[in-house]
Each structure stands twice: as structure tokens, then as C-alpha cells.
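Please open the model in the viewer and keep the selection panel at hand. The tour below proceeds from the ligand outward to the remainder of the chain.

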Amino acid sequence: MAKRSKFQSPTGMHDILPENQKYYKRIYDVVSDIADFYGFGKIDTPIVEETELFSKGIGLATDIVKKQMYTLKTRGGDSLALRPEGTAPIARAYIENGMQSRPQPLKLWYFGPFFRYERPQAKRYRQFWQFGFEALGEKSPVIDAQIIQIFYNILRELKLKNLLVEVNSIGDSQCRPYYKKLLASYFRTREASLCFDCKRRLRENVLRILDCKEEKCQPIKAEAPQILDHLCDECRAHFKEVLEFLDEIEIPYNLNPYLVRGLDYYTKTVFEIFLEKTSNGEISQSALAGGGRYDKLIKLFRGKETPACGAAAGIERIIDLMKSQKIKLPSETEPQIFLAQLGSLAKRKSLKLLESFRKSKIKVAESFGRDSLNAQFNRADKLGVKYTLILGQKEALEEVVIIRDMKTGKQETVKLDKVVEKMKKRLKK
Ligand code: AMP
């Protein structure tokens, strides 16, 4: 057998290196501040769930369940799946933890990794991060508007420009079945001209033909009956109110009759947030965030009838945009002091001195592994610190430290036990 030369991360999965962590942290900070403001409590659910939770919740005929789930058999014989999305687990947690008896709506948010067995391609990963918001136990359309507003505000707070919200209503169990029949009979008469996937969708999930991106299906789609003309009175009134709320809070949106979302649990409002145009002027195909109302999901999981609404956003896609739009992160505090040492006694005293700085919350850089003073000074130069503290053999014996001002080159010798106080004062100036 050929010898393996090296290991690689699994296809579509990546390490998040230290230089990228600041983006995840920035997004986390903005999301958790906004969640706090709007009264959402954080929830963490397990990374795996019973496979059936997703096949039942998201729908057997959806791409996610059919093609994209990582499933595994436990030693006990149970079938578990790595979570491909966050709503079904939250619906499960809501019922399991008796949250129906808490004041409603129950508002929850999450932030974590998700898994989908995607075809490897740009902007689609097999492990990706999402944050999401869910409001359970509220049927008023004001919640739909508020969820959209929260996602829009988060993306704006992260300084992303040219955002566009697309909204649609996909009806409910009163009006959707009739609309699906209409749609199926329309597409059936044109089946020969549909792409390969749409022929399958025609049998399995006719609504999904509406969001097909294939060139040849576009003219057929354009003539198809539109759901907005076939909503029942209740769904129409609900959608009208959502749009009125969006107008009131001045969120720019487009009505998109082709927006259906890839999961079966949605009812009424669905939405996605896109970038209006990419940096090279093209219309962007990939959504930053998406969600909607799911009034039947909790009941499906044997809970009581509970209207709910929520959405999720893709963190890697947001980071990509933050980078391409050259968005600056709030500045991090860089160390302004470098601690250089020479000799084993000095090294020991330096370790202790570093702890005193840490307790005073002053960042200090060092390279204790290096013994050459010159190498340490070079490092201090590279870091651009204001001061270097020098603790050589002589200083260690005399219990003093030299403070060197890197700009003026001026040096001052101070007592070891006074140096933290002294530096506090200098840095304040
Ligand atoms: P969805 O519920 O599938 O619309 O996912 C919500 C958001 O998560 C999308 O708008 C994307 O930003 C992001 N997302 C979904 N799938 C992936 C993936 N495979 N890789 C990266 N981001 C993803």
C-alpha cells in the first residue's frame, strides 16, 4: 500500500486559524449584543440529533435530507445525524424542556458549527458556522418583521453595505396544496423543456422548481402561476401586515415570488438577505441569511400547536464579505511593552514579573525561548512596542529592571517591585 505522505482536513472543512478568529469573535460580539437587546436567550443544542428529527422536520424529499446529511450508527444501533441546521433541534429542545409553559414568545439564539455534505464549491462548506434566532409561541406578523429587522441590523452593525432583503409568502396548509396542484399541472404540460433536476422536483417537491437557477427553466418559471395570487385570506392578511411593518421600520425589501427556501417546515413568510451586487457588479446568488415562519413544526414533533418564526445566517459568507468590502475590525490592544531577559536567574524573575503585569491587565510581549538579547530586541522592534524592559544577569542580582523608551532611546533603571506601577503611569500618559 502506498504510504500516506500527510494528513489533510476533510474535504470542505477548514481550520480556523488565529488570524481569522477575530472575525468570528467580532460577529459573536455583535450578535450577542443585539440578542441581548431584543431579549433573546442563548441556547446550545448537541452537535448530533436523532436522524429522524431532521428527516421528519426538514422533509424527506429535501436536498438537505436526501443528499446532505452526515449520519452515523451508534454502537447501540441508534441513527444519529450531524446537525445540518438549527431550527429542528430548537423545536425539539423547546418541547423536551417544557418551554411552552414559560412566558411566550420564547426567544432563543444560537451560534455554532453545522454540517452538510455539499458538492465541494466556493462558498459552500461541509462544516460551516451559523448564528440563528428563533421566536416560538407567537403568531403575530410583527415577529416576522422583527426577525428580519434583527438580521438586517446585525449585518449593518457589521458594516456590510448594499444589503437587500427578499421576501415572499408560501402560504399554509389551507392554500398551499391547491397552489401546488396548479403549479404541478402547469409544469407537467412543459415537462419536456425542464432541466433534469426539475423533472424530479415535479414529482417530489414542485415548489422547488421555482428557485431553480438553470437557464432553460427561467422562461417557463416566468409564466408560472404565482403564489401571491393564490394565498388564502389569512395568509394574505398576514403577509400584508409583515410588509407594512417592514415599510414602517424602513427595511428595503423586494418581493420575490420565486423564493421558496429548501426546507419543508416553512409556512407563510419566508425571506433571505443578499448583497444587492457583488464587488464586480454581478447579482449575488448566495444568500447571507434566510428564514421564515414555521407554524406547524412543533406540532409535527408532538408538541402542541405553536406558531414560530426564525432565521439563520452563514458566518463564513459574512466573513468573506467583510474581507472583500475591506471592513476594519475594532482595534485590538497590541502589547506596548516587551520584556527581554538574559541568563537563567533573569529568566526566572521575568516569568514572575510577567504574572504581575497580567494581574494588572497590562499586555506584555516576550520571547523567553530566545537567549540572545539581540534577537529579542529585533522582535521588540518588529512588534513596534513603546518600551522594552531589560532584565540581564546584573539587574536580576540587584533586583532592578531597565526601562528603555524605544522612540527616544532613553533608559531608566527602576526597582523590580516598582516596575509595574511605573509602567502603568507611563502608559497612561
Ligand atoms: P439555509 O437555512 O440553508 O438557507 O442557510 C442559512 C445560511 O447559512 C445561508 O444563507 C448561508 O449563508 C449559510 N450556509 C448554508 N449552507 C452553507 C454551506 N454549505 N457553506 C457555507 N454557508 C452555508
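For the first selection, a residue counts as near a molecule if one of its heavy atoms lies within 4 Å of it. The coordinates to which this is applied are those of a predicted model.

**The ligand and its shell**

Select the ligand together with the 14 residues around it; Arg-116, Glu-118, Tyr-125, Gln-130 and Arg-261 come nearest. Colouring this shell by class gives six nonpolar, two polar and six charged residues.

Next, display the polar atoms. In the side chain of Arg-116, an N or O atom lies 2.8 Å from an oxygen atom of the ligand. The side chain of Glu-118 likewise places an N or O atom 2.8 Å from a ligand atom, in this case a nitrogen. For Gly-314, show the backbone: one of its polar backbone atoms is 3.3 Å from an oxygen of the ligand. A surface calculation completes this view, since the ligand taken alone exposes 470 Å² and the protein buries 92% of that area. Two elements, strand 6 (127–136) and strand 11 (308–314), each give two or more residues to the shell.

**The open sheet**

Strands 6 and 11 lead directly to the next selection. In what order do the eight strands of the open sheet run? The order is 1-5-6-11-10-9-7-8, with mixed pairing. At the edges are strand 1 (41–42) and strand 8 (253–255), each of which pairs on one side only.

Zoom in on strand 8 and its partner, strand 7 (residues 163–169): the two run parallel and are joined by three bridges. To locate the register, select Val-165, which stands opposite Tyr-253 of strand 8.

Two backbone features merit a stop. Strand 9 (residues 267–275) contains Lys-268, and the phi of Lys-268 is near 55°, a positive value in a residue other than glycine. The second feature is in the loop between helix 4 (87–96) and strand 5 (106–115), where Pro-105 is found. Gln-104 and Pro-105 are joined by a cis peptide bond, with omega about -5°.

**The whole chain and its domains**

Zoom out to a cartoon view, in which the chain has 15 helices and 16 strands. Colour it by the domain assignment, which gives domain 1 as 18–175 + 231–324 and domain 2 as 337–424. The C-alpha centres of these two domains lie 51 Å apart.

With the C-alpha trace shown along the principal axes, the atoms fill a box of roughly 90 × 65 × 50 Å. The radius of gyration of the chain is 28 Å, whereas a compact globule of 429 residues would have a value near 22 Å.

**Helix 13**

Select residues 373–383, which make up helix 13, and add Ser-372 at its start. A side-chain oxygen of Ser-372 comes within 3.3 Å of the backbone nitrogen of Asn-374. Moving to the residue that follows helix 13, one reaches Gly-384, whose phi is positive, near 70°.

**The hairpin of strands 15 and 16**

For the final selection, take strand 15 (residues 400–405) and strand 16 (residues 411–415), which run antiparallel and are joined by five bridges. Ile-402 stands opposite Thr-413 of strand 16. How many residues lie between the two strands of this hairpin? There are five, and Gly-409 in the turn has a positive phi of about 80°.

Terms used
Residues numbered from 1 in each chain as written. Heavy atoms only, no water. Polar contact = N/O pair within 3.5 Å; in protein donor to acceptor, adjacent residues only side chain to side chain. Areas by Shrake-Rupley, 256 points an atom, 1.4 Å probe, with all protein chains shown as cover. Helix = DSSP H or I, 4+ residues; strand = E, 2+ residues; numbered from the N terminus. Nonpolar A, V, L, I, M, F, W, Y, C, P; charged D, E, K, R; others polar. Pairing = 2+ DSSP bridges. Domains from an automatic or database assignment. Rg over C-alpha atoms; globule rule 2.2 N^0.38 Å.
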